[in-house]
Each structure stands twice: as C-alpha cells, then as structure tokens.
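Biologist: Before we look at any single site, could you walk me through how to read a model of this kind, feature by feature?

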Amino acid sequence: MVRGCAPPEEPSCWSSESAGKESDEMMEAKDGQASWLGTNGYGSRREEDGVCHDDSATPVRANTVDELHSLQRKPQVVEDRHRLQLQSISASLASMTCGIGPKLIKGDPARKKEMVGKAVTHHQHHITVPTITVSDSDLKFTHVLYNLSPSELYEHAIKYEKGSFITSSGALATLSGAKTGRSPRDKRVVKDETTDDLWWGKGSPNIEMDEHTFLINRERAVDYLNSLDKVFVNDQFLNWDPNNRIKVRIISARAYHSLFMHNMCIRPTYEELENFGEPDFTIYNAGQFPCNRYTHYMTSSTSIDINLKRREMVILGTQYAGEMKKGLFSVMHYLMPKKQILSLHSGCNMGRGGDVALFFGLSGTGKTTLSTDRNRILIGDDEHCWSDNGISNIEGGCYAKCIDLSQEKEPDIWDAIKFGTVLENVVFDEHSREVDYTEKSVTENTRAAYPIEYIANAKIPCVGPHPKNVILLACDAFGVLPPVSKLSHAQTMYHFISGYTALVAGTEDGIKEPQATFSACFGAAFIMLHPTRYAAMLADKMKKHGATGWLVNTGWIGGSYGVGERISLAYTRKIIDAIHSGELLDTSYKKTDVFGLDIPRKVEGVPSELLDPINTWEDKDSYKLTLLKLADLFKRNFKVFADYKNGGVSDLADEIAAAGPNFLF
Ligand SMILES: Nc1ncnc2c1ncn2[C@@H]1O[C@H](COP(=O)(O)OP(=O)(O)OP(=O)(O)O)[C@@H](O)[C@H]1O
Ligand SMILES: O=C([O-])CC(=O)C(=O)O
Ligand SMILES: [Ca+2]
Ligand SMILES: [Mn+2]
C-alpha cells in the first residue's frame with residue numbers, strides 16, 4: 001500500500017492507525033492461547049465450522065480491483081483557492097485574438113474514466129469561462145497538472161513520453177529530442193521603448209524581434225498548448241535572496257520539462273504556494289511544435305523569444321530543457337542590475353570557516369564539477385546574484401555534465417543521480433538499466449538535473465557572505481595558459497570581459513569539437529546589458545570586499561588539443577584547495593611572457609613542472625607560436641571593448657586594456 005488511508009467517508013477503523021493497533025493486539029495475544037482462538041474479530045482465526053480460514057490478515061473492504069486502487073490514494077482537499085489558481089492559469093493561457101483563456105480542469109485526464117460513478121468534482125476542479133462558442137477548441141477542457149510531485153511526473157513521463165525510463169539508480173532517463181543543446185542563434189528579444197538600455201548589435205546575444213512577431217509566436221505556442229489534453233504548470237521561485245526573489249510560471253507539454261524545472265527552480269513550500277498569486281514571469285514551452293518559418297525574423301523552425309515588457313518567454317521548435325533555465329537566467333541578467341545586484345554565470349561554494357569562492361567559466365569549464373567539493377558547502381553550481389548582502393543562488397538545483405562521469409572522480413554528483421533526478425540523453429543497458437556515462441551516441445552533452453539538496457553538503461537556504469576568491473575558469477584547448485595564475489584587479493576585469501575558453505563539444509547546438517571562444521562575462525549568450533556594465537559592478541564589489549582573482553586553466557597541458565591532454569581533475573582540485581586555504585596568497589611567483597600572468601612556483605600536491613606550460617611542451621617553438629596566436633586572438637577580441645565608451649568603466653578602461661597580453665607581433 002502506498003498510503004494506508006481510507007476515504008474520509010469511511011469509518012475510522014479503516015485508518016492505518018487502528019490497523020496498527022490491531023497488530024499490537026495480535027502480538028500480545030500470542031502469549032495467551034485463549035484470546036488467540038475463538039475471537040471473531042479481524043486478525044484472528046475462526047474455526048467454528050471446523051475449517052481453518054486463511055483470513056488471519058485484515059480483509060480488504062473492496063469489491064473490485066478499481067475500488068481497491070481508489071483506497072490507495074489520499075484525495076486532495078479541494079478548496080476555493082484552487083479555483084483562483086485555475087483562473088490565473090486560464091488567464092496565462094488566454095489567446096490574444098479571442099482574449100479569453102481555455103476551460104480548465106485540474107487533474108489527470110487519464111483518471112476521468114476511473115472517476116465515473118465517483119464524485120468527480122471532489123477530485124477534479126474546473127473553471128469555465130462564460131463565452132459564446134466560436135471554435136471547436138472552445139468546446140473542450142484542458143487538464144492542468146499543477147506542480148505535480150516527482151513521482152507523478154515520473155508516471156506521466158514513462159506512460160506518455162517515448163524514451164523515458166527509470167535507470168538502475170532511480171533517476172529518470174529521458175530524451176530531449178532533435179536538439180541536445182541550446183540554440184543561441186534562434187534566441188530573439190523584443191525591442192521596444194523599454195529596452196533601450198539593452199546590448200544590441202555586434203557581439204550581442206540579443207537578436208531583435210518586434211512585438212507583433214512575438215505575439216504571433218506566442219499565439220502559436222498558446223494555441224498548441226490549448227489544443228492538448230493536458231498541460232503541466234509549475235509555479236516556482238528564482239533567487240534565494242528573499243528580497244529579490246521572483247515568481248515564475250512554466251507552462252509545458254511534457255512531464256520531462258515539468259520535472260526539470262521542478263528540480264532547477266526553487267520549490268515553494270505548501271504555504272508559499274497558497275499565497276503565490278500571479279507570476280512575475282511566464283514561460284510558454286511549446287517545444288514540440290515548430291515556429292512558422294514564414295514568420296518575420298525566423299531563420300529556422302526553432303525560436304526562443306523573450307518579451308521583457310510582457311514578462312513572457314515563448315519556446316517553439318526545441319525541447320532542450322536548458323533553454324528554460326538559461327532563458328530565465330537572461331531575464332535575471334536584466335532585472336537584477338536594475339537593483340544594483342550583479343548576476344553571475346558562476347558556481348559558488350563556502351568553506352567551513354565561511355570563506356566564499358565564485359567559479360566563473362563558460363560551459364564545460366568546471367563550474368559544477370569544482371563547486372561540488374566534499375570539503376566545502378555548495379551554495380550553487382551555475383547562476384548567482386551578488387548584492388550588498390552577499391551571494392545568493394538563483395536556482396534550486398544543479399545541472400551537471402555527465403559525459404565520462406565516474407563515482408571515483410565526482411562522488412557527490414554520482415550520488416545525486418537518484419530518484420527524482422532527470423538524466424538527459426544518456427545511454428543505458430536495456431535490461432539492467434545501468435547508465436554508460438562514456439557513451440556519446442545521442443550526444444556528448446549528456447546532463448543530470450537534480451535538486452540542490454541532493455548534494456549532501458548543500459547550504460540551504462543557498463546564500464552566503466561576500467566572496468573572498470573569484471576564480472575564472474578557462475578550458476584552454478591551446479594548452480598555453482598556466483594551470484593557475486594570480487590576477488591583479490585589472491587582469492581580473494580583462495579576463496572577465498574577455499571570457500575565454502575552448503568551448504567543449506555539444507552544449508551549443510552544432511559544436512562538435514573544442515574551439516577557442518570568447519564570451520563576455522563568461523556568459524555572453526545570457527547577458528542583456530553591455531558587458532562593461534557587469535564588469536564595472538564586479539570590479540566595484542571585488543574592491544569593496546577585498547576579493548582576489550585567479551585564472552585556472554582546466555584545459556590542456558603538454559600541447560594543444562590533439563597533442564596534449566586535459567589536466568587531471570585531481571590536480572585541478574589540488575590547485576583549487578590551495579586557493580581556498582590561502583596557501584597561494586603567500587607563496588612565491590614568477591611572471592610569464594606575453595600574458596604577464598603571475599604563476600606560483602609551488603602548489604601542494606601538484607608537480608611543479610606542470611605549473612609553467614612551457615615545461616610540458618616538447619616542441620618549444622610550437623609553444624611560443626601557439627602562445628602568440630592565442631594572445632593575438634585575445635587582442636582582436638578585446639578591441640571592441642577597449643573602444644567602447646559608454647559602459648561606465650571609462651576611467652578603468654585603459655588600465656584594463658593594458659592588463660591583457662603585451663607583445664609585438
Ligand atoms: N581538470 C578538470 N577540471 C574540471 N573539470 C574537468 C577537468 N577534467 C575533466 N573535467 C570534466 O569537464 C566537465 C566540466 O563540466 P561542468 O559540468 O563542471 O561544466 P560547467 O562549467 O558547470 O558548465 P555548464 O555551464 O554548461 O553547466 C566535467 O565533465 C568534468 O568531469
Ligand atoms: O544551458 C545549458 O544548456 C547548460 C549550461 O549550463 C550552459 O551552457 O552554460
Ligand atoms: Ca554546470
Ligand atoms: Mn551554465
């Protein structure tokens with residue numbers, strides 16, 4: 001039995017409580033034969049007719065299997081507030097052209113049949129919007145599956161979504177469909193009178209769209225969602241800082257999407273949900289349905305559209321769940337700086353003594369891997385805010401890369417992959433359901449999304465004091481950046497604005513092998529304002545709170561990609577330990593040519609010859625050429641920022657530009 005509870009109309013002797021009492025009595029009765037025999041109550045043997053009946057257990061009071069099943073479930077109490085929730089959801093799903101929302105019923109459409117003969121309205125609350133019916137879609141009901149639990153979402157996924165399976169660890173394996181990474185080229189932002197301060201034009205991730213086209217796509221998504229039998233609705237929060245938290249609503253067609261967001265956003269308590277009211281931002285995820293390529297601004301059948309004025313986002317033509325996560329992150333990159341709060345594409349953890357470290361870096365550089373650390377408390381793995389009160393995580397979950405995941409190297413992430421976790425695009429044994437993390441046959445970008453409390457030493461609530469160390473992670477496929485260097489203030493800004501890495505395969509659609517990339521603020525795909533605006537805020541906060549900047553190369557040593565190899569995670573962890581402990585603050589340093597980086601001569605647990613990359617390259621000439629090549633790429637990339645006058649860091653601009661590589665080519 002899932003729950004030993006009876007429907008409220010049944011006498012209380014059917015409750016689990018009295019069932020428990022009965023068995024106690026039976027235990028007592030064991031000693032005294034007299035009371036054991038001849039009793040007629042449940043739980044005893046009757047021998048009056050000379051036949052020993054096998055009914056020593058309490059018989060079930062049900063005439064059919066269906067009735068028995070109905071006893072399993074504790075019905076939800078339905079009250080007036082559910083009507084308000086449904087009204088709010090119907091308003092969210094209102095079509096622009098007819099101005100009214102669909103008729104909604106709360107509950108699973110599959111349970112309709114079971115309910116026949118029962119008091120359906122006890123379980124399924126519905127609202128109807130008074131209207132003169134003009135279309136067939138107005139005649140139907142849409143079932144709303146509101147903030148379902150992981151167990152319920154598992155059942156929906158397994159029943160209705162191809163490719164959904166329970167793996168041997170209990171995680172839900174699922175497929176994200178044709179897209180296995182984000183599609184930044186298909187992202188659009190509505191340009192209107194409220195978005196003058198956004199970063200537009202060359203280098204910006206914000207490709208413009210007009211309001212009318214947005215509404216066309218919105219209508220397409222809403223019509224699609226309303227045509228379905230059922231939609232999933234998640235009402236959740238973003239940002240653990242209670243003063244700056246926002247309420248988000250995600251309307252989607254797949255249990256996979258609903259479970260993903262359940263894990264990734266902050267889960268409201270029962271009381272918080274009672275008082276949720278209207279969302280601050282709504283996502284319409286109609287990912288299975290394409291956009292119409294004849295629509296203006298559309299260059300493919302995928303479109304991810306953000307409208308800041310309407311506080312809405314529409315997803316068409318991609319089921320990759322990361323679009324929702326990172327779409328909301330873009331929104332936070334717009335909203336938070338307006339309140340002087342810096343939004344960051346970074347991981348964050350804290351030592352037992354309260355020292356906080358930020359881990360910046362592009363996709364695949366190690367934010368999740370390195371912020372998840374046995375010896376430290378995890379605040380978050382990917383998206384944070386830095387306000388006057390300190391750091392807060394934006395999310396309620398983590399999103400780890402799984403390719404080549406091993407229990408030995410990443411034990412905490414391994415342990416987090418259990419019941420409730422969404423495993424995207426992994427390959428598993430058909431029978432044992434053991435996942436093979438080395439398999440890339442669906443994609444290299446396999447992922448696990450789990451609630452943050454699945455990491456044993458997570459900090460709940462996910463907030464912490466001002467950071468002491470700011471670690472910039474780069475996965476340098478050229479293999480010329482040192483494994484670790486200490487940065488001056490200007491160098492920290494230079495490398496933050498540059499946002500260099502060698503993008504690791506897969507996270508962005510179409511990238512199949514590492515290639516050098518510059519992405520301002522280590523997240524150009526998500527920022528909304530000009531990069532210098534975020535950099536100025538970071539400079540200010542680091543100065544004010546005395547944080548030290550570090551550049552850590554989690555990429556190649558001993559040669560470029562193809563010749564050398566990626567530095568071992570074990571060494572990188574030793575380097576990070578030395579930063580946290582303060583060991584690297586008082587060690588001796590030497591300055592490198594070209595980039596002018598200060599590299600330590602010694603790090604506990606790491607062979608010293610690794611610390612200067614020239615030592616690990618066999619071909620020294622090739623090393624020098626590669627170093628100059630990378631430096632040149634840095635210079636070219638930085639030119640657009642050095643020329644930029646309106647970012648608010650003009651006094652700093654020269655100093656920052658001078659902190660980049662210096663050489664004659
Ligand atoms: N030396 C190393 N340091 C860090 N990570 C390493 C190292 N060597 C290999 N890796 C692997 O690189 C990957 C880093 O991915 P991770 O999930 O931490 O990326 P991320 O920065 O969080 O990216 P995203 O923003 O896309 O989530 C992991 O698969 C990790 O096992
Ligand atoms: O958004 C994603 O798909 C994964 C991620 O964290 C990133 O790319 O930074
Ligand atoms: Ca991550
Ligand atoms: Mn990320």
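Modeller: Let us begin with the terms for the fold: helices and strands are DSSP runs, numbered from the N terminus, with at least four residues for a helix and at least two for a strand. In those terms, P461 sits in the loop that connects β22 (447-451) with β23 (463-464), and the peptide bond leading from I460 into P461 is cis, its omega being near -5 degrees. Please keep in mind throughout that this is a predicted model.

Biologist: Which residues have a positive phi without being a glycine?

Modeller: Among them is R311, whose phi is about 60 degrees and which belongs to the loop between β11 (303-307) and β12 (312-316). N425 also has a positive phi of about 60 degrees, and its place is the loop between β19 (422-424) and β20 (427-428). As for their surroundings, R311 counts as partly exposed at 44% relative accessibility, whereas N425 is buried, with a relative accessible area of 1%.

Biologist: Turning to the metals, which atoms coordinate the manganese ion (ligand 4)?

Modeller: A donor here is an N, O or S atom within 2.8 Å of the metal, and since water is not among the atoms, a site may look incomplete. For the manganese ion (ligand 4), the coordinating atoms are NZ of K326, NE2 of H345 and, listed twice, OD of D382, at 2.2 to 2.8 Å. The spacing of these donor residues in sequence is K-x18-H-x36-D. Two of them link distant parts of the chain, K326 being in helix α12 (residues 322-335) and H345 in strand β13 (residues 342-350), 19 residues apart.

Biologist: Are K326 and H345 buried or exposed?

Modeller: K326 is buried, with a relative accessible area of 9%, and H345 is likewise buried, at 4%. The helix that carries K326 is itself largely enclosed by the rest of the structure, because 13 of the 14 residues of α12 are buried. From its first C-alpha to its last, α12 reaches 20 Å, which is close to the 20 Å expected at 1.5 Å a residue.

Biologist: What coordinates the calcium ion (ligand 3), and how far is it from the manganese ion (ligand 4)?

Modeller: The calcium ion (ligand 3) is coordinated by OG1 of T368 and by O of Y399, at 2.1 to 3.0 Å, and it is 4.7 Å from the manganese ion (ligand 4). Because T368 lies in helix α13 and Y399 in strand β18, the pair ties together parts that are 31 residues apart in sequence. Both T368 and Y399 are buried.

Biologist: How should I read the surroundings of ligand 1, and which residues come nearest?

Modeller: It helps to take the shell before the individual contacts. Of the 21 residues around ligand 1, those that come nearest are S363, G364, K367, E410 and R447, and by class the shell has five nonpolar, 10 polar and six charged residues. With three residues, α13 gives the most to this shell.

Biologist: And what do the polar contacts of ligand 1 include?

Modeller: One oxygen contact places an atom of ligand 1 at 2.8 Å from a polar backbone atom of G364, and another is at 3.4 Å from a polar backbone atom of K401. A nitrogen atom of ligand 1 has a polar side-chain atom of T572 at 2.9 Å. Taken alone, ligand 1 exposes 650 Å², of which the protein buries 91%.

Definitions and conventions:
Residues numbered from 1 in each chain as written. Chains lettered and ligands numbered in written order. Predicted model: local features only at pLDDT ≥ 70, side-chain atom pairs only at ≥ 80, totals over all residues. Heavy atoms only, no water. Donors = N, O, S within 2.8 Å, 3.2 Å for Na, K, Ca; no water. Buried < 20%, exposed > 50% of the residue type's maximum accessible area, 1.4 Å probe, protein only. Expected span 1.5 Å × (residues − 1). Near = heavy atom within 4 Å. Polar contact = N/O pair within 3.5 Å; in protein donor to acceptor, adjacent residues only side chain to side chain. Areas by Shrake-Rupley, 256 points an atom, 1.4 Å probe, with all protein chains shown as cover. Nonpolar A, V, L, I, M, F, W, Y, C, P; charged D, E, K, R; others polar.
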